[in-house]
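Q: Could you take me through one part of this model up close? I'd like to see how two neighbouring helices meet, and then a couple of loop residues.

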Amino acid sequence: MSPSNIGTPDHPVATLDASLAPRLPTSSTTLFTAKKAKNLTFQAIGEALGRDEVAVAALFYGQAKATSADIGALAELLEIPQEQLEAELGEWPDRGRSIDLPPKDPLLYRLFEIMQNYGYAYKAVMNEKFGDGIMSAIAFSTKVEKESDEVGDWVKITLRGKW
């Protein structure tokens with residue numbers, strides 16, 4: 001595995017914030033515990049599942065529905081009994097319960113702030129380009145990329161939804 005697939009001292013793998021755990025499904029604790037034990041990034045897990053790293057993270061937080069193939073691959077990769085994952089991940093996601101509005105976490109707040117400040121601008125530009133409608137969050141994909149230049153590191157978030 002490449003360095004971006006394994007946690008390092010400078011960039012440890014994401015773990016579950018204990019204060020968030022009570023608002024998430026049981027599967028979140030199971031998955032994050034195994035992820036930490038294996039020291040795997042969401043990118044590595046995504047590659048094993050054939051899914052995008054953000055989609056995999058959404059599975060870990062209980063915000064997306066796992067397929068049978070996802071459950072089998074996660075069970076094998078993370079060495080979790082498949083029957084346990086089937087029981088924990090087999091239900092429909094209960095989306096949206098994990099976050100307070102406005103968010104308390106500074107990074108989540110900045111994303112919320114982007115929508116506060118640019119939401120109507122995005123809407124107006126989209127309406128001009130596509131007409132009346134909405135962007136789907138179901139027929140949807142997203143990715144996070146890292147860009148670097150002389151000023152420093154930049155995050156590039158792409159949101160792609162069917163109109």
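A: Here is a walk through one helix pair, followed by two loop positions. Please keep in mind that this is a predicted model.

Let's start with the helices. Two packed helices are described by the angle between their axes and the distance between the axes. Here the pair is α2, residues 42-49, and α3, residues 53-60, whose axes come within 8 Å and cross at roughly 100 degrees. An angle of 65 to 115 degrees counts as roughly perpendicular, so that is how α2 and α3 lie to each other. On the α2 side, the contact is made by F42, Q43, I45, G46 and L49. Their partners on α3 are E53, V56, A57, L59 and F60. Sorted by class, the contact of α2 with α3 has seven nonpolar residues, two polar ones and one charged one.

Now for the loops. D100 sits in the loop between α5 (82-89) and α6 (106-130). Its relative accessibility is 37%, so D100 counts as partly exposed. The side chain of D100 is joined to the side chain of R23 by a polar contact of 3.2 Å.

Further along the chain, S136 is placed in the loop between α6 and β1 (140-149). With a relative accessible area of 19%, S136 is buried, because the cut-off is under 20%. A polar atom of the S136 side chain lies 2.7 Å from the backbone nitrogen of A139. Leaving aside residues up to four places away in sequence, S136 touches G161 and K162.

Technical notes. Residues are numbered from 1 along each chain as its sequence is written. This is a predicted model: local features need pLDDT of at least 70, side-chain atom pairs count only at pLDDT 80 or more; totals for chains, interfaces and linings use all residues. Side-chain values use heavy atoms; hydrogens and water are left out. Axes are lines fitted to C-alpha atoms, for helices over the stretch in contact, and angles run from 0 to 180 degrees between N-to-C directions. Helices (H or I, at least four residues) and strands (E, at least two) are DSSP runs, numbered from the N terminus. Angles under 35 degrees count as roughly parallel, over 145 as roughly antiparallel, 65 to 115 as roughly perpendicular and the rest as oblique. Contact means heavy atoms within 4.5 Å. Ala, Val, Leu, Ile, Met, Phe, Trp, Tyr, Cys and Pro count as nonpolar, Asp, Glu, Lys and Arg as charged, and the others, Gly among them, as polar. Buried means under 20% relative accessible area, exposed over 50%, partly exposed in between (1.4 Å probe, protein chains only). A polar contact is a pair of N or O atoms within 3.5 Å; within protein, one must be able to donate a hydrogen and the other to accept it, and residues adjacent in sequence count only if both atoms are side-chain atoms.
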